[in-house]
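Trainee: I have a structure to study and would like to learn how to read its features. Could we look at it together, one step after another?

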Amino acid sequence: MKVKPRLVKGTRDFLPEQVNKRKYILNTIQTVFKKFGFQEIETPAIELLETLTGKYGEEGDKLLFKILNSGDFLSKADDQHLQEKDSKAITASISEKGLRYDLTVPLARYVVQHQNELNFPFKRFHIGPVWRADRPQKGRYREFFQCDADIIGSTSLLNETELTLILAEAFEALGLSVKIQLNNRKILEGIIETVGVSEQYKEILIAIDKMDKIGEEGVTNELQNLQLTAEQITELFALFSITDLHALANSFKDKSAIGEEGCEEMTSILNKCSKKNVVFAPALARGLDYYTGTIWEVVVNDVAMGTIAAGGRYDNLTEMFGGQNMSGVGISFGIERIYDVLEELNQWPADITTSTKVLIINFGNEGENVGWQLLQSLRNSNIPSELFPDDAKLKKQMSYADKKNIPYVIFIGEEEIKTGKYSLKAMTTGEQNVLGLEELIEVLK
RNA sequence: GUGGUUGUAGCUCAGCUGGUUAGAGCGUCGGUUUGUGGUUCCGAAAGUCGCCGGUUCGAACCCGGUCUUCCACCCCA
């Protein structure tokens, strides 16, 4: 049976060059993580649905990929739901596993499960694919990679500062000019409390978060739909535009203790982190349901791409798994978007697609045998090298090297066999030299 | 999940209001070049026009369904 080769919606294949580029991003970020003392962990792609469900809000639950139970699952299915063809209700009796939606909830599970084996404060990073049954759009896929660093078990604000520095350093290493925006859920809560509309905290946040997209007018509209009065809306906008922490703390005085606390936290973080591109953004609301303190959002300058990294502090996540209350704080790099940005700016290192240093041209027979011996010597000297496997046309072999971005080729013909030397050609300049083994290794090293 | 949009050679796209054997550029392969790639020049292969069904004497083109792409909403990396 012949099948047409095609991909699942929202997933992609990666060509070797793309993998090189992705690895470059990951390695760059990883190096920074390690420099700051983070250790890498791994968890399964599949988790129990009970682990995942209810952590991302109702919307998030809908986007979970569920896995059908093995075996004769229908015989164990709930009969009534089956009869009624109630897809939503039947799920519980035919599916108990799902694909992870992010790396943070699995981390919470992991930390509680291994709390006696871990060394706290636990600083880990985790890179891996996650899945969301979202409708794909540009830069949004159903399978994508997350690249997270989190600190569990410490409420110190030093951690926030460290993560901010990691963001700054990683993007600097990638050669990207970014703006790192910070806010605090406590400040948001304070603003909303001060205006006296706390019952609609979540809805208001969602509306405020759209500021960039739909503008002040659009947000006003949404707030009116939430039955806020004109005075309340005016007051909200006024508070959300105060970027001076001192002034903001003053407006919280005697009105919102939590707001004041948020201002204190924010001040403390920023004082230890005097980078120019780190700014307090009071209207920044973005973040998942579980964030409780500081939140981050990083946007690139010069490219319309939106957020390329985000994060926040979450105080209650481990509680859901019966663990003692351990606060966590973490950031996540949107590597798919970072890739697109680097691509658009063509900001890749020059040697990104080079892996093999030298190709030995195959002229067959004796040349091949000599080439084979040479190949072993080169590899013993740690020079990434290949021998073309077929006695193919020279044109074919040369263009193979060309396409693979191999900087050197070696010719071994009659002349070279006789003298025991090799002709080394530099592909970029066309320059060609006859060298002995020692010299050859010296040049290629 | 809601509304819209896209789908023609490996890739990017033409194909006028439905009319006989569906085109181009790039790429691939072969030759020009019997030990020198990235430039020329010549030639070739390659498409049941996303899939299924319908209307019609006749469909890449019209209609319905389905899948896919992208966009907006929801939400989000």
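Mentor: Let us begin with an idea we shall need, namely that a polar contact is a pair of N or O atoms within 3.5 Å. Please keep in mind that this is a predicted model.

Trainee: Which atom of RNA strand B does a polar side-chain atom of Asp402 lie 2.9 Å from?

Mentor: That partner is a base nitrogen of RNA strand B. A base oxygen of the strand, in turn, lies 3.1 Å from a polar side-chain atom of Lys395, and for Glu414 a backbone N or O atom lies 2.9 Å from a base oxygen. The elements that give two or more residues to the surface near the RNA are helix 16 (394–403) and helix 17 (414–419), and helix 16 provides the largest share, seven residues.

Trainee: Which residues come nearest to RNA strand B?

Mentor: Of the 39 residues around the strand, the nearest are Lys138, Arg140, Lys210, Met427 and Gln432. Of the RNA atoms that come within 4 Å of the protein, sugar and phosphate account for 52%. Sorted by class, the surface near the RNA has 22 charged, nine polar and eight nonpolar residues.

Trainee: How should I read a helix that has buried residues?

Mentor: An α-helix has 3.6 residues a turn, so residues three or four places apart point the same way. In helix 9 (residues 201–209), the buried residues are Ile204, Leu205, Ala207 and Ile208. They lie on the same side of helix 9 because they cover an arc of only 165° around the axis.

Trainee: What covers the buried residues of helix 9?

Mentor: Their cover includes helix 8 (185–195), helix 10 (211–225) and helix 11 (230–240).

Methods:
Residues numbered from 1 in each chain as written. Chains lettered and ligands numbered in written order. Predicted model: local features only at pLDDT ≥ 70, side-chain atom pairs only at ≥ 80, totals over all residues. Heavy atoms only, no water. Buried < 20%, exposed > 50% of the residue type's maximum accessible area, 1.4 Å probe, protein only. Helix = DSSP H or I, 4+ residues; strand = E, 2+ residues; numbered from the N terminus. Arc of directions from axis to C-beta. Contact = heavy atoms within 4.5 Å. Near = heavy atom within 4 Å. Polar contact = N/O pair within 3.5 Å; in protein donor to acceptor, adjacent residues only side chain to side chain. Nonpolar A, V, L, I, M, F, W, Y, C, P; charged D, E, K, R; others polar.
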